[in-house]
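Student: I'd like to learn how to read a structure like this one, feature by feature. Can we go through it together?

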Amino acid sequence: MTDSSAHDTPKPPGRPARTAPLWRRAAALFYDTLFVIAVVILATFIALVFTGGEPVPPEGPIQWLFRLYLLAWIAAYFLFFWCRLGQTPGMKVWRLLLIREHDGNCVAPMLARFGFGVLSLATLGLLFFTAQFDPQRRSWIDQHLSMRVVQLLPNG
């Protein structure tokens, strides 16, 4: 029997918080993009070690496998921080916290959140802006997965 609490995102914080504005979420995503670039560089370096320094062919099935490999590294970055801390480094800078309203397995809902994020980026953020129409500023996937992003306010 395993303890699932180690894989749960935090419950509502003990300090004041409010619904996070979209501009702060976008700023956090920009910061996280810098970290993601570093993760991709690390993953590419590891792949080069295994290919003997030879680059991945620019076309063909190996290129698609390499892209999936990089996507898995990026997903692992977000899942690790969302499940362990409830915030990525970019979210921490902007004092944002992801809160799940239900206990249980963290990986599946966060993987769905990541997939939705990729789809949202592919649509130039269109799905991200659906949060503008929700009173709690939750995106469609956050509503369905019972999550919300809050901005932690300074103490005092």
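Tutor: Sure, and let's start with burial: buried means under 20% relative accessible area, exposed means over 50%, and partly exposed is in between, using a 1.4 Å probe and protein chains only. A word on the source: this is a predicted model, where local features need pLDDT of at least 70, side-chain atom pairs count only at pLDDT 80 or more, and totals for chains, interfaces and linings use all residues. Residues are numbered from 1 along each chain as its sequence is written, and side-chain values use heavy atoms, leaving out hydrogens and water.

Student: Is D134 buried or exposed, then?

Tutor: D134 is buried, because its relative accessible area is 9%. Across the chain, buried residues make up 35% of the 156 residues.

Student: Where is D134 found, and how do I read its contacts?

Tutor: Elements first: helices (H or I, at least four residues) and strands (E, at least two) are DSSP runs, numbered from the N terminus. D134 is in the loop between α4 and α5. A polar contact is a pair of N or O atoms within 3.5 Å; within protein, one must be able to donate a hydrogen and the other to accept it, and residues adjacent in sequence count only if both atoms are side-chain atoms. The side chains of D134 and Q143 are joined by such a contact, at 3.5 Å. A polar atom of the D134 side chain also lies 3.0 Å from the backbone nitrogen of R138.

Student: What is the overall pattern of the chain?

Tutor: There are 5 helices and 3 strands, and along the sequence they run β-α-α-α-β-α-α-β.

Student: How do I check a helix such as α4?

Tutor: Work out the expected span, which is 1.5 Å times one less than the number of residues. For the 16 residues of α4 that should be 22 Å, and the end C-alpha atoms are 22 Å apart, so the two agree. As for burial, P109, M110, R113, F114, F116 and S120 are buried in α4. Seen down the helix axis, the buried residues of α4 fall within an arc of 165°, so they line one face; the arc is that of the directions from the axis to the C-beta atoms.

Student: Which residues lie nearest the centre of the largest pocket?

Tutor: Here's the idea: on a 1 Å grid over the protein atoms alone, a pocket is an open set of points where a 1.4 Å probe fits, with protein on both sides within 12 Å along at least five of seven lines, and lining residues have an atom within 4 Å of a point. In this model, L29, W82, G117, L121 and F128 lie nearest the centre, out of 30 lining residues. The volume is about 760 Å³, taken as the space filled by probe spheres set on the points, with grid points joined across faces, edges and corners. α1 gives the most to the lining, with 8 residues.

Student: And what about backbone angles?

Tutor: Most residues other than glycine have a negative phi. R95 has a positive phi of about 55° although it is not a glycine. R95 sits in the loop between α3 and β2 and is partly exposed, with a relative accessible area of 30%. S146 also has a positive phi, near 55°. S146 lies in the loop between α5 and β3 and is buried, at 16% relative accessible area.
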